[in-house]
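The following exercises ask the reader to examine a protein chain step by step. Each task is followed by a worked solution.

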Amino acid sequence: RTFAVQIAKSYGAQVTGVCSTRNLNMVRSIGADHVVDYTRDDFTRSEQRYDLIYDAVGNRSVSDYLRALNPGGRCVIAGFHGVARLLEHFALGPLRSKLGNKNVGMMGVAKINQPDLNVLKELMEAGKVRPVIDRCYTLEQTADAIRYLERGHARGKVVVIIEHDT
């Protein structure tokens with residue numbers, strides 16, 4: 001999620017980040033032009049419309065996404081909040097997209113290739129993309145790191161440090 005905001009900004013996009021209250025400052029700090037606190041406001045019910053929505057959580061209905069898109073807009077869903085939403089997005093997303101000029105679909109599996117990795121390397125070297133690290137754990141604490149991730153409230157990357165003798 002944090003990389004998506006930074007990559008979009010590096011290409012000149014106007015970015016609106018949707019997050020909880022505790023993450024507002026962090027999302028601003030990585031470059032979002034606007035932030036919406038989902039605990040207070042529903043971005044799908046505002047007057048603002050979007051050309052592209054990238055949703056890492058997938059907890060909205062297909063109708064919500066369609067309402068928030070500009071004509072010709074696209075919503076890409078990378079994660080899902082439960083099996084019911086997964087099935088809704090899988091079945092209704094393509095059907096509703098065919099009926100109008102907005103597209104709601106699931107993100108495919110990335111095909112890693114050298115040119116894309118070079119672009120990311122260049123963005124990182126230029127300081128346009130940087131990892132946001134939430135917590136670090138030792139190798140012995142890996143189970144704790146996994147439990148923390150499973151709670152679903154990590155604000156950035158969770159790193160497991162593997163020390164070795166040199």
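**Exercise 1: A sheet and its helix**

Strand β4, residues 69-77, runs parallel to β5 and is joined to β5 by four bridges. The model is a predicted one.

Task. Determine the order of the strands in the open sheet of three strands, and state which strands stand at the edges.

Solution.

Step 1. The open sheet has the strand order β3-β4-β5, and the pairing is parallel.

Step 2. The edges are held by β3 (50-55) and β5 (103-106). Each of these has a single partner strand, so one side of each is left without a neighbour in the sheet.

Step 3. On average, neighbouring strands of this sheet are turned by 10 degrees against each other, with direction ignored.

Step 4. A residue pair can be located between the two strands named at the outset: Val76 stands opposite Gly105 in β5.

Step 5. Helix α4, residues 83-98, packs on the sheet and touches β4 and β5. The direction of helix α4 makes about 145 degrees with that of β5.

**Exercise 2: Charged and nonpolar side chains of helix α4**

Task. Describe the salt bridge between Arg85 and Glu88, and decide whether Phe90 is buried or exposed.

Solution.

Step 1. Both Arg85 and Glu88 belong to helix α4, where they are three residues apart, about one turn of the helix.

Step 2. The closest N and O atoms of Arg85 and Glu88 are 2.6 Å apart. The cut-off for a salt bridge is 4 Å, and the pair is counted as one.

Step 3. The relative accessible area of Arg85 is 25%, which makes this residue partly exposed. Glu88 has 17% and is buried, because buried means under 20%.

Step 4. Phe90 also lies in helix α4. Its relative accessible area is 56%, and Phe90 is therefore exposed.

Step 5. Together with Leu86 and Met106, Phe90 makes a nonpolar surface patch of about 280 Å².

**Exercise 3: Further salt bridges**

Task. State how many salt bridges are counted, and characterise the partners in two of them.

Solution.

Step 1. The count comes to nine salt bridges.

Step 2. One of them links Asp42 with Arg45, whose closest N and O atoms are 3.9 Å apart. Asp42 is partly exposed at 27% relative accessible area, whereas Arg45 counts as exposed at 57%.

Step 3. Another joins Asp134 to Arg135, with the closest N and O atoms 3.8 Å apart. Asp134 is partly exposed at 23% relative accessibility, and Arg135 is partly exposed at 36%.

Step 4. Through salt bridges that share partners, Asp42, Arg45 and Arg60 are joined into one network.

**Exercise 4: The chain as a whole**

Task. Give the number of helices and strands in the protein chain, and describe its extent and surface.

Solution.

Step 1. The protein chain has six helices and seven strands. Along the sequence they follow the pattern α-β-α-β-β-α-β-α-β-α-β-α-β.

Step 2. The C-alpha trace spans about 60 × 35 × 35 Å along its principal axes.

Step 3. The protein chain has 166 residues, of which 29% count as buried. Its accessible surface comes to about 11,100 Å², and carbon and sulfur atoms account for 55% of this area.

Step 4. Among contacts in the protein chain with a separation of 6 or more, 43% are between residues 24 or more positions apart.

Technical notes: Residues numbered from 1 in each chain as written. Predicted model: local features only at pLDDT ≥ 70, side-chain atom pairs only at ≥ 80, totals over all residues. Heavy atoms only, no water. Pairing = 2+ DSSP bridges. Axes fitted to C-alpha atoms, helices over the stretch in contact; angles between N-to-C directions. Contact = heavy atoms within 4.5 Å. Patch = residues over 30% accessible without salt bridge, like charges linked within 9 Å, V, L, I, M, F, W, Y side chains within 5 Å. Areas by Shrake-Rupley, 256 points an atom, 1.4 Å probe, with all protein chains shown as cover. Buried < 20%, exposed > 50% of the residue type's maximum accessible area, 1.4 Å probe, protein only.
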